[in-house]
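Thanks for asking me to look this one over. My notes are set out below as short numbered points, to be read alongside the structure.

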Amino acid sequence: MKKWIVMTAAAVALSGCAQIPNYQSAVKTPPPAQLVGNWQTMGPQSGLVSPEAIASLIITEQGDTLDCRQWQRVIAKPGKVTRLNDSWINVNNQQRVMPLELEGTALHYDDLVLQKVSQPTLACQQALEAQHKTPEVEEKPADENSESYPGQESEEPMF
């Protein structure tokens with residue numbers, strides 16, 4: 001019985017349901033070198049809305065992240081790498097917690113399997129540049145529809 005309770009608690013903590021009081025309280029932690037870089041889905045995946053959709057995750061040496069999803073538009077969510085229960089996780093500015101699990105050369109993240117690439121897609125590079133131009137302010141919880149970068153049209157959510 002105790003083992004079941006512990007396993008359930010661990011699954012909830014690592015499934016994106018772990019609670020962090022606010023985004024600023026998550027401590028940005030430099031990740032191991034093998035996590036640093038540009039990660040991207042290769043081909044259709046069930047974790048994406050369409051077979052044509054692409055997901056990218058940019059992880060810096062300092063622990064900053066940008067989760068970038070593109071299909072008919074781009075949704076880019078900044079975040080940071082930290083540790084939770086001896087696991088590496090990404091916490092985005094909407095306080096969503098997602099484990100970063102490296103298996104060989106594949107990164108398992110948010111129901112996706114990503115491979116390391118030399119550079120992000122052009123749309124994600126633009127989103128990253130737009131984020132660097134925006135001064136960091138205290139993040140407030142927002143609904144999924146509000147994440148964008150300057151000049152982006154607002155449409156229904158795609159992910």
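1. Let me begin with a cysteine: is Cys 124 buried or exposed? This is a predicted model, and in it Cys 124 has 0% relative accessibility, so it counts as buried. Cys 68 also comes out at 0% relative accessibility and therefore counts as buried.

2. These two cysteines belong together. A disulfide joins Cys 68 to Cys 124, with an S to S distance of 2.0 Å; the cut-off for calling a disulfide is 2.5 Å. The count for the model comes to one disulfide. The link is left-handed, with -95° about the S-S bond. Cys 68 sits in strand S3 (residues 64-70) and Cys 124 in helix H2 (residues 122-133), so the bond ties together parts that are 56 residues apart in sequence.

3. Next, have a look at Thr 121, which is in the loop between strand S9 (112-117) and H2. Its relative accessible area is 15%. Buried means under 20%, so Thr 121 is buried. The side chain of Thr 121 makes a polar contact with the side chain of Gln 70, at 2.5 Å. Leaving aside neighbours within four places in sequence, Thr 121 is in contact with Gln 40, Ile 54, Ser 56 and Gln 70.

4. Now for the nonpolar interior. The largest nonpolar core has 15 residues, and those touching the most other members are Leu 57, Ile 59, Leu 100, Leu 107, Tyr 109 and Leu 114. Strand S2 (54-59), strand S8 (106-109) and S9 each give two or more residues to this core. The largest share, three residues, comes from S2.

5. Leu 57 deserves a moment of your time. Beyond its neighbours within four places in sequence, Leu 57 is in contact with residues including Trp 39, Leu 66, Asn 90, Leu 100, Leu 107, Tyr 109 and Leu 114. Apart from the largest core lies another, of eight residues, among them Ile 58, Leu 66, Cys 68 and Ala 123. One half of the disulfide, Cys 68, is thus listed in this second core.

6. Finally, where does strand S1 (residues 37-41) fit in? S1 is mostly covered, with five of its five residues buried. S1 pairs with S2 in the antiparallel sense over four bridges, and Asn 38 stands opposite Ile 58 in S2. S1 also pairs with S9 in the antiparallel sense, again over four bridges; there, the bridge partner of Gln 40 is Gln 115 in S9.

Technical notes: Residues numbered from 1 in each chain as written. Predicted model: local features only at pLDDT ≥ 70, side-chain atom pairs only at ≥ 80, totals over all residues. Heavy atoms only, no water. Buried < 20%, exposed > 50% of the residue type's maximum accessible area, 1.4 Å probe, protein only. Polar contact = N/O pair within 3.5 Å; in protein donor to acceptor, adjacent residues only side chain to side chain. Contact = heavy atoms within 4.5 Å. Core = buried A, V, L, I, M, F, W, Y, C linked by side-chain atoms within 4.5 Å. Pairing = 2+ DSSP bridges.
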